[in-house]
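Let's take a friendly walk through how side chains meet inside a protein. Have the structure open as you read, and look up each residue as we reach it.

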Amino acid sequence: QLPLVESGGGLVQPGGSLRLSCTASELALDYYHIGWFRQAPGKEREGVSCITNSGGSTNYADSVKGRFTISRDNAKNTVYLQMNSLKPEDTAVYYCAAVAPRTYYYCSGNGGFRKGEYDFWGQGTQVTVSS
């Protein structure tokens, strides 16, 4: 069983909204920086957003900036990805991932989107945007 569990995916019409959740039963997520990634059929897994363990820094891919919002509730051991104004090109399996704090990790600029630097992953949740 993977350490992280995503939920909240589904089928939504263009322009609609979804909120994804990422939780863990055996990891204290408040220790970890969290990233959201997505993978569409036939494409590479790409970084969408990240948030530091304190919530003090967030970052977004240009393709979702202004539409998606990442947040965390450490008391609930949960990280969220609020997705608004969804487009068909947002259709993908969405994954959350966790990385323990380390010197070279940063969630700003072009940082936080390298999947190889994350330690733990979930199984993914399908998001389909279609009319």
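This report looks at aromatic rings first and at charged side chains after that.

## Before we start

Please keep in mind that this is a predicted model. Residue numbers count from 1 along the chain as its sequence is written.

## Rings that meet

A pair of aromatic rings is described by the distance of the centres and the angle of the planes. Searching the whole structure turns up 7 aromatic pairs. One of them is formed by Tyr-95 and Trp-121. Their ring centres are 6.4 Å apart and their planes stand at 75°, which is over 60 degrees, so this pair counts as edge-to-face. Where do the two residues sit along the chain? Tyr-95 belongs to strand β9 (residues 92-99), while Trp-121 is in strand β10 (residues 120-121). That puts them 26 residues apart, so the pair links distant parts of the chain. Both Tyr-95 and Trp-121 are buried.

Another edge-to-face pair joins Tyr-105 and Tyr-118, with 5.9 Å from centre to centre and 90° between the planes. Both of these residues lie in the loop between β9 and β10, 13 residues apart. Are Tyr-105 and Tyr-118 buried or exposed? Tyr-105 is buried, and Tyr-118 is buried too.

## A cluster with a charge above it

Which residues make up the aromatic cluster? Phe-37, Tyr-95, Tyr-105, Tyr-118 and Trp-121 form one cluster together. You have now met both pairs described above again, with Phe-37 added to the group.

Now find Arg-45. Its charged end sits over the ring of Tyr-95, 3.7 Å from the ring centre. Arg-45 also lies over the face of Trp-121, at 5.0 Å from the centre of that ring.

## Salt bridges around Asp-90

The count of salt bridges comes to 7. One of them connects Arg-38 with Asp-90, and their closest N and O atoms are 2.9 Å apart. Arg-38 is in strand β4 (residues 33-39), and Asp-90 is in the loop between β8 (78-83) and β9, so 52 residues separate them along the chain. Why does Arg-38 count as buried? Its relative accessible area is 6%, which is under the 20% limit. Asp-90 counts as buried for a similar reason, because its relative accessibility is 1%.

Asp-90 forms a salt bridge with Arg-67 as well, where the closest N and O atoms are 2.7 Å apart. Arg-67 lies in the loop between β6 (58-60) and β7 (68-73), 23 residues from Asp-90. With a relative accessible area of 11%, Arg-67 is buried.

## One more bridge, and a network

Asp-119 and Arg-102 meet in a salt bridge with an N to O distance of 2.7 Å. Both are in the loop between β9 and β10, 17 residues apart. Are they buried or partly exposed? Asp-119 has 34% relative accessibility, so it counts as partly exposed. Arg-102 is partly exposed too, because its relative accessible area is 27%.

Finally, salt bridges that share partners join Arg-38, Glu-46, Arg-67 and Asp-90 into one network. Asp-90 is a shared partner here, as it bridges to Arg-38 and to Arg-67.

How values were computed: This is a predicted model: local features need pLDDT of at least 70, side-chain atom pairs count only at pLDDT 80 or more; totals for chains, interfaces and linings use all residues. Side-chain values use heavy atoms; hydrogens and water are left out. Rings of Phe, Tyr and Trp (its six-membered ring) pair if their centres lie within 6.5 Å; planes under 30 degrees apart count as stacked, over 60 as edge-to-face and the rest as tilted. Helices (H or I, at least four residues) and strands (E, at least two) are DSSP runs, numbered from the N terminus. Buried means under 20% relative accessible area, exposed over 50%, partly exposed in between (1.4 Å probe, protein chains only). A charge sits over a ring if NZ of Lys or CZ of Arg is within 6 Å of the ring centre and within 35 degrees of the ring normal. A salt bridge is a side-chain nitrogen of Lys or Arg within 4 Å of a carboxyl oxygen of Asp or Glu.
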